[in-house]
Amino acid sequence: MIQSRKGFNETVSAGQGGKLRDQLTFMLYAGAKETTRRYKMLLRSTGLTYTQYLAMFVLWEKEKINVKTLGEQLYLDSGTLTPMLKKMEEAGFIKRTRDSGDERNIIVTLTDTGRKLRSAAAAVEAKAKAEFPITGMEAKQLAATLEKLLYGLSEQ
């Protein structure tokens, strides 16, 4: 359990000895790895990787976004984002164009093919939620805690 913003209590530590399962970082790592593995299987029929799936969520919400802003929202650097976007463009899910107001900026726009993937993604999300071994309330609490952790760490 997390005690406060100042640190951890004895049941979950930040890496100070004890058992592996008592390490918060291990539980975060293993949980993320297993979640990603599960989504990889569920996403096979869409042609999207898990990271591409997350990028599509941003685009389904915004339709058009600057590459830099997309990277910030996904916590991805340009070395990871650029090849991923190239593959997504080759698959016909997005289009990349230079911003007419500032050619240094690249704008990513959702294509009709990309828009059509939204219903398939909704089915993936529903199936993933049904397979998760936690309740809806537990999922909301976990998401709120992880959001607090993410924003707290990214502010440092």
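Two strands are taken to pair if DSSP finds at least two bridges between them. In this predicted model, strand 4 (residues 94-98) and strand 5 meet that criterion, pairing in the antiparallel sense over five bridges. Within this pairing, Thr97 has Ile107 of strand 5 as its bridge partner. Strand 5 also pairs with strand 3 (residues 64-66), again in the antiparallel sense, here over three bridges. In that second pairing, the bridge partner of Ile65 in strand 5 is Val108. In a regular strand, side chains alternate between the two faces of the sheet.

The interior of the model was examined next. The largest nonpolar core comprises 26 residues, and Met56, Leu85 and Ile94 are those with the most contacts inside it. Two or more residues of this core are given by each of helix 1 (24-43), helix 2 (50-62), helix 3 (67-74), helix 4 (78-90), strand 5 (106-110) and helix 5 (112-131). Helix 2 provides the largest share, six residues. Such an arrangement may be set beside a general tendency: in soluble globular proteins, nonpolar side chains tend to be buried together. When neighbours within four places in sequence are left aside, Leu85 is in contact with Val67, Leu70, Ile94, Arg96 and Val108. Val108, one of these contacts of Leu85, is also the bridge partner of Ile65.

Nonpolar side chains were also found at the surface. A nonpolar surface patch is formed by Leu28, Phe132, Ile134, Leu142 and Leu146, which together have about 360 Å² of accessible area. One of its members, Leu142, is located in helix 6 (residues 136-154). With a relative accessible area of 43%, Leu142 is partly exposed; this value qualifies Leu142 for a patch because the patch criterion requires over 30% relative accessible area.

Charged pairs were then considered. Side chains of opposite charge can pair when their charged atoms come close. A search of the whole structure identifies seven salt bridges. One of them joins Glu34 and Arg37, whose closest N and O atoms are 2.9 Å apart. Both residues belong to helix 1, where a separation of three residues places them about one turn of the helix apart. Glu34 is partly exposed, at 35% relative accessible area, and Arg37 is likewise partly exposed, at 39%. Salt bridges with shared partners join Glu34 and Arg37 with Lys33 into one network.

Other salt bridges connect parts of the chain that are separated in sequence. Between Glu131 and Arg38, the closest N and O atoms of the salt bridge are 2.8 Å apart. Because Glu131 lies in helix 5 and Arg38 in helix 1, this pair ties together parts that are 93 residues apart in sequence. The relative accessible area of Glu131 is 31%, which makes Glu131 partly exposed; Arg38 is also partly exposed, with a value of 25%. A further salt bridge is formed by the side chains of Arg115 and Glu63, with an N to O distance of 2.9 Å. Here the linked parts are distant along the chain, as Arg115 is in helix 5 and Glu63 is in the loop between helix 2 and strand 3, 52 residues apart. Arg115 is partly exposed at a relative accessible area of 33%, and Glu63 counts as partly exposed at 31%.

Methods. Residues are numbered from 1 along each chain as its sequence is written. This is a predicted model: local features need pLDDT of at least 70, side-chain atom pairs count only at pLDDT 80 or more; totals for chains, interfaces and linings use all residues. Side-chain values use heavy atoms; hydrogens and water are left out. Patches are made of residues with over 30% relative accessible area and no salt bridge: like charges are joined within 9 Å, nonpolar side chains (Val, Leu, Ile, Met, Phe, Trp, Tyr) within 5 Å. Accessible areas come from the Shrake-Rupley method with a 1.4 Å probe; for residues, only the protein chains shown count as cover. A salt bridge is a side-chain nitrogen of Lys or Arg within 4 Å of a carboxyl oxygen of Asp or Glu. Helices (H or I, at least four residues) and strands (E, at least two) are DSSP runs, numbered from the N terminus. Buried means under 20% relative accessible area, exposed over 50%, partly exposed in between (1.4 Å probe, protein chains only). A nonpolar core is a set of buried Ala, Val, Leu, Ile, Met, Phe, Trp, Tyr and Cys residues joined through side-chain atoms within 4.5 Å. Contact means heavy atoms within 4.5 Å.
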